[in-house]
Amino acid sequence: MRMPGVLALLVALALPCGAGATESIVTGLSQNRVQITTNYDGSSILIYGAVKRDAPPPEGARLEVIVTVEGPSQPLVLRRKEKVAGIWINRSSVKISSAPSFYEVTTTGPLTDILSSTDDLRYHISLPQLIRAVGITNDAENAPDFVQALQRIRLDESRYRMAIGRVQLVEDTLFRADVDLPANLGDGSYKVRLFILRGGKVIDSQERYIGVRKAGLERELFNLAHEQPFLYGVISLLLAAFAGWAASAGFRYLRS
Amino acid sequence: MQIYLPIAEVSINAFLLLGLGGIVGFLSGMFGVGGGFLITPLLLFIGVPPGVAVATGANQVVAASISGMLVQMKRKGVDFVMGTVLLVGGLIGSFIGVRVFAWMTALGQIELFVQLSYVLFLGLIGGMMFFESLRTILRNRRQGVALPVRRAHIHTWAHRLPLKMKFRVSGLYISVIPPMVIGALVGFLSASMGVGGGFILVPAMIYLLGVPTRVVVGTSLFQIIFTTSFTTLMHAVNSQTVDMLLALLLIVGGVIGAQIGSLVSMRLQAEQLRILLALLVLAVCFKIALDLLLQPAELFSITPLVLP
């Protein structure tokens, strides 16, 4: 690992080097590109950083860190089943104009303790704020139920995750967060946001991006399917026909 | 061994997929049903998105059906004339079915429509087959080896219709109208319900057309190859939801399963085969009916508007 070197550099950067009493962050990612190959089964990203100060740290409120990782957004329809004539069928629906396909919040402590509601509203950090930020288009009577259901289902599926207390903070200066990207990952740009807070207020924040893209065979197949759909369909059928014939011929050979 | 599927965008154990393909292929080869009504729910269960599950399931059924049909062809169990007539009707039916499917999707009730049609048709056909084959088995047991005295075939209304045609392999001389209509009905159901339609075609051929059980399986598979190929191509072109890597794994398992299934099917008596298929059909029917009647654990469902 080249971590010791990087940490040393960050410590150097974090040393006092001028006037002013503000705190700001310096950050880095262990990798800013993820290649999805055939044997891809999730990957872990190390997000690290340091607090840069011009003066000794202020007394009083503790320093807290929040790191969020957000996957590409997509529009959704949420449906709810109701019992009609003894059968459970989809009745009401709410359209969400976009919701992230993946979202993880990693913090130094419980969100309600370290983040004020005004700053949550401003930066859209917690799940309810995030989904509200991306917007509901139809006004159904009980839209909040639907938004809660979206959170519940996606938390269950581990698409949305709350990793409370999982940011390691050393001497109020260096911090690191390990985020495991899931195995069911789609292409796109994953946004990483880092916040440092004191007394519920965000002091400084930074955004970084991780580019996720398919590679090798995965990329070839995906491109072929989208650029030459007819050819792709024909190849799929030929593959099926060949496999069917080969199995039949193989078994006949085995039995004779 | 985990493998990442490029279109489904999920990572799944490769051996699980091989096994799944094998089980469905086995049933396909044994009964002459495509297995579409099994593979799609199974894929959904292991986390493949619905669009990809339907389209890739169709592609897998193509391979399993070809493998099964080749075995039947060797023992002269395919009536190509009958198959072609059914196919012509099937194309007309699926043309109409695709429209109904789009209409129900727009209403947001496609899931309910599919489930209700499943329960209705599977229940009806499964029940009919079950009691008929049970009766035959009991009667044969009581009478020992002596089979009931029957004419070569029973003359029904199907024999009075015009446009008669000779189906040599099936030993039938009937009008082309009934098979054409049955083909159309199956085509309509398969396009609107998203399955191959073998589980409807097989009993319909036995009970409505009087095709001997010996040639039913092969002829049904012959028809299924074409309808599912058409479905695969439609999905590949319209929604890019066919996952070739997923299909390949299911196919490798499926073709092997289909071979074993065909061999087993030759060892069994026609009545035994029919009663097993009836039980399978009734089991699936029962499962779907339960889903409709019991309160689901999660009332809400998430549907992406644009597939990832």
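Among contacts in chain B between residues at least 6 apart in sequence, what percentage join residues at least 24 apart? In this predicted model, the figure is 80%. The tour below begins with chain B, moves to chain A, and ends where the two chains touch.

**Stop 1: chain B as a whole**

Please select chain B and display it as a cartoon. Its elements are ten helices and five strands. The chain has 308 residues, and buried residues make up 52% of them.

**Stop 2: helix 7 of chain B**

Next, select residues 198-209 of chain B, which form helix 7. Is this helix largely enclosed or not, and why? Ten of its twelve residues are buried, so helix 7 of chain B is largely enclosed by the rest of the structure. To see them, colour G198(B), F199(B), I200(B), L201(B), V202(B), P203(B), A204(B), M205(B), I206(B) and L209(B), the buried residues of this helix. Then step on to G210(B), which follows helix 7 of chain B and has a positive phi, near 75°.

**Stop 3: the strands of chain A**

Turn now to chain A and select strand 12, residues 201-214. Strand 12 of chain A pairs with strand 2 of chain A (residues 33-36) in the parallel sense, over four bridges. To find one of these pairings, select V34(A), whose bridge partner in strand 12 is V212(A).

Strand 12 of chain A is also joined to strand 11 of chain A (residues 188-198), in this case by eleven bridges, and these two strands run antiparallel. Here F195(A) has S205(A) as its bridge partner in strand 12. Strands 11 and 12 of chain A form a hairpin with two residues between the strands. Select G199(A) in this hairpin; its phi is positive, near 60°.

**Stop 4: the two domains of chain A**

Colour residues 3-215 of chain A in one shade and residues 216-256 in another: the domain assignment gives these ranges as domain 1 and domain 2. Five residues from domain 1 of chain A and five residues from domain 2 of chain A make the contact between them. On the side of domain 1 that touches domain 2, two residues are nonpolar, two are polar and one is charged.

**Stop 5: where chain A meets chain B**

Display both chains together. The contact takes 49 residues from chain A and 50 residues from chain B. Several elements of chain B each supply at least two residues to the side that touches chain A, including helix 3 (50-74), helix 5 (110-142) and helix 10 (270-293). Which helix of chain B gives the most to this side? Helix 9 of chain B does, with ten residues. By class, the side of chain B that touches chain A has 34 nonpolar, 13 polar and three charged residues.

**Stop 6: a pair of strands across the chains**

Select strand 5 of chain A (residues 73-84) and strand 5 of chain B; these run antiparallel and are joined by five bridges. Within this view, look for L76(A), which stands opposite P304(B).

**Stop 7: a pair of helices across the chains**

Finally, select helix 7 of chain A (residues 229-255) and helix 8 of chain B (residues 213-238). Their axes lie 8 Å apart, and the helices pack at an angle of about 145°. The crossing is right-handed. Helix 7 of chain A contributes P229(A), F230(A), Y232(A), G233(A), S236(A) and L237(A) to the contact, while helix 8 of chain B contributes S229(B), T232(B), L233(B), A236(B) and V237(B). Seven residues of this contact are nonpolar, four are polar and none is charged.

Terms used. Residues numbered from 1 in each chain as written. Chains lettered and ligands numbered in written order. Predicted model: local features only at pLDDT ≥ 70, side-chain atom pairs only at ≥ 80, totals over all residues. Axes fitted to C-alpha atoms, helices over the stretch in contact; angles between N-to-C directions. Left-handed = near helix turned anticlockwise from the far one by under 90°. Contact = placed C-beta atoms within 7 Å. Nonpolar A, V, L, I, M, F, W, Y, C, P; charged D, E, K, R; others polar. Pairing = 2+ DSSP bridges. Domains from an automatic or database assignment. Buried ≥ 20, exposed ≤ 12 C-beta atoms within 10 Å, placed from the backbone.
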